[in-house]
Amino acid sequence: MVTAKVWVLKKHFEGFPKISNFDLKEIELPNLKDGELLLQSVFLSVDPYMRPYSRRDMKEGDVMIGTQVARIVESKNPAFTVGVFVVARSGWRTHFISDGKDLQALPSSWPESLPRSLALGTIGMPGLTAYFGLLEVCKTKPGETVLVNAAAGAVGSVVGQLAKIWGCKVVGCAGSDDKVAYLKKIGFDEAFNYKTVTSLDEALRKASPDGYDCFFDNVGGEFASVAINQMKKYGRIAVCGAISQYNDTVPQKGPYVQIPMIFKELRMEGFLVTSWNNRWEEGLKALLKWVMEGKVKCHEQVTEGFENMPAAFIGMLKGENLGKAVVKV
Ligand SMILES: NC(=O)C1=CN([C@@H]2O[C@H](COP(=O)(O)OP(=O)(O)OC[C@H]3O[C@@H](n4cnc5c(N)ncnc54)[C@H](OP(=O)(O)O)[C@@H]3O)[C@@H](O)[C@H]2O)C=CC1
Ligand SMILES: CCCCC/C=C\CC(=O)/C=C/C=C/C=C/[C@@H](O)CCCC(=O)O
């Protein structure tokens with residue numbers, strides 16, 4: 001019998017998550033039945049969506065939702081062999097049993113030298129979010145100017161690099177000087193620390209005096225209110241996330257966007273990366289190629305130890321991560 005460790009949501013979040021919202025439990029896993037697999041998590045993802053989705057999808061006592069890279073350690077399913085690595089959506093667990101239906105194998109061309117944790121970030125759901133958000137929502141054209149916030153994160157850092165590959169000028173903002181330096185290192189044309197600029201309006205105007213053709217919004221709130229007034233005519237706004245609001249106990253006002261939307265004939269479109277589930281293979285293949293060619297640089301914020309999952313999650317929400325936040329078990 002294998003004992004799995006799991007993190008459960010002990011108490012729904014009120015405002016910013018706290019360590020006390022979580023409880024670490026042990027579960028004795030049964031012996032495998034025919035067709036089943038036993039897997040061990042090697043890397044687990046902590047993502048912003050877990051904060052709003054927990055209230056919508058979970059009840060207290062449930063195992064926290066989430067994805068992991070896991071290794072097959074025992075198999076009673078001829079389609080899966082011991083030692084193979086997959087991406088699963090089994091939540092915050094060290095070990096789990098699967099019938100194989102909900103597992104995604106890493107791309108067959110995944111090189112041994114490439115960290116498998118990237119399957120949770122640049123060459124995974126966040127990278128695909130950037131890929132489809134730019135390609136299918138922003139529909140960037142060469143020579144256009146793209147703005148992205150939370151730009152040093154899992155999604156934002158890929159947005160900026162893909163926009164560069166696709167011939168755009170890229171402006172990014174992030175919440176620390178180290179992150180701004182990183183953005184310039186990976187090719188952003190302009191980058192600034194939104195926490196220290198005296199005026200966001202001036203910082204955006206200085207970065208691109210002619211304004212923005214595309215705005216890839218990961219943050220929402222006040223930032224969006226300011227940025228929308230600097231969109232060019234017929235600009236496109238991809239509403240990817242609103243992390244500035246996930247921990248609010250009282251909904252923020254605004255942003256009041258109607259006048260610039262009309263006057264500049266803007267298109268603002270919310271999207272979920274899961275809308276392109278049937279094209280994830282296409283995106284992963286492209287992202288893997290760009291990473292191997294060195295055209296897309298990756299950075300991970302690795303937290304060691306399953307026991308530190310809540311701290312890694314809270315840290316990411318506070319902006320302590322540069323690049324994709326993952327937990328190494
Ligand atoms: N629509 C979709 O399908 C998907 C949407 N998303 C969304 O994309 C966004 C980025 O996700 P992801 O790349 O995984 O996360 P990141 O790796 O970017 O980590 C979150 C970052 O958000 C920034 N942040 C946190 N709070 C605030 C705040 N109050 N104001 C401004 N910035 C803040 C911090 O960076 P900083 O230092 O810049 O403050 C923090 O590092 C999220 O909104 C997420 O919900 C992600 C995946 C799929
Ligand atoms: C409930 C309000 C939600 C408002 C928008 C919040 C977040 C947008 C966002 O971050 C969406 C992310 C989607 C991620 C999808 C990931 C899947 O691959 C796995 C989801 C995990 C699971 O369903 O178990």
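Is Lys-139 exposed, partly exposed or buried, and how many other C-beta atoms lie within 10 Å? I began with this question, keeping in mind that the model is predicted.

**Entry 1: two residues with positive phi**

I found that Lys-139 is partly exposed, because 14 other C-beta atoms lie within 10 Å, whereas a residue counts as buried at 20 or more and as exposed at 12 or fewer. I located Lys-139 in the loop between H2 and S8. Its phi is positive, about 50°, although Lys-139 is not a glycine. I noted the general rule that most residues other than glycine have a negative phi.

I then looked up Ala-150, which is not a glycine and has a positive phi of about 45°. Ala-150 sits in the loop between S8 and helix H3 (156-165). I recorded Ala-150 as buried, because it has 27 C-beta neighbours inside 10 Å.

**Entry 2: the open sheet**

I next traced an open sheet of 6 strands, whose pairing is parallel and whose order is S10-S9-S8-S11-S12-S13. The edges are formed by strand S10 (190-193) and strand S13 (267-270); each has a single partner strand, so one side of each is left without a neighbour in the sheet. From one strand to the next, I read an average twist of 15°.

Within this sheet I examined one pair. Strand S8 (residues 145-148) and strand S11 (residues 212-217) are joined by 3 bridges in the parallel sense. I identified Phe-215 in S11 as the bridge partner of Leu-147.

**Entry 3: the surroundings of ligand 1**

I turned to ligand 1, which has 31 residues around it; Gly-153, Val-155, Gly-175, Gly-241 and Gly-319 are the closest. By class, I found 18 nonpolar, 10 polar and 3 charged residues in this shell. Helix H2 (125-138), helix H9 (309-317) and strand S15 (324-328) each contribute at least two residues to the shell. Domain 1 (2-117 + 301-328) and domain 2 (125-274) each provide at least three.

**Entry 4: the surroundings of ligand 2**

For ligand 2 I listed 13 surrounding residues, of which Tyr-49, Pro-52, Arg-56, Ile-65 and Arg-89 come nearest. Helix H1 (residues 50-57) gives the largest share of this shell, with 3 residues. The classes are 8 nonpolar, 3 polar and 2 charged residues. Where does ligand 2 lie with respect to domain 1 and domain 2? I concluded that ligand 2 lies between them, because both domains give residues to its shell.

**Entry 5: the record**

Finally, I consulted the unreviewed UniProt entry, in which the annotation "domain: Enoyl reductase (ER)" covers residues 15-327. I noted that this span is 27% helix and 25% strand, and that its end C-alpha atoms lie 23 Å apart.

Notes:
Residues are numbered from 1 along each chain as its sequence is written. Chains are lettered from A and ligands numbered from 1 in the order in which they are written. This is a predicted model: local features need pLDDT of at least 70, side-chain atom pairs count only at pLDDT 80 or more; totals for chains, interfaces and linings use all residues. A residue is near a molecule or strand if its C-beta atom, placed from the backbone, lies within 6 Å of it. Helices (H or I, at least four residues) and strands (E, at least two) are DSSP runs, numbered from the N terminus. Ala, Val, Leu, Ile, Met, Phe, Trp, Tyr, Cys and Pro count as nonpolar, Asp, Glu, Lys and Arg as charged, and the others, Gly among them, as polar. Domain bounds come from an automatic or database domain assignment. UniProt positions are given in the numbering used here, feature names are shortened, and annotations may be inferred rather than shown by experiment. Two strands pair if DSSP finds at least two bridges between them. Axes are lines fitted to C-alpha atoms, for helices over the stretch in contact, and angles run from 0 to 180 degrees between N-to-C directions.
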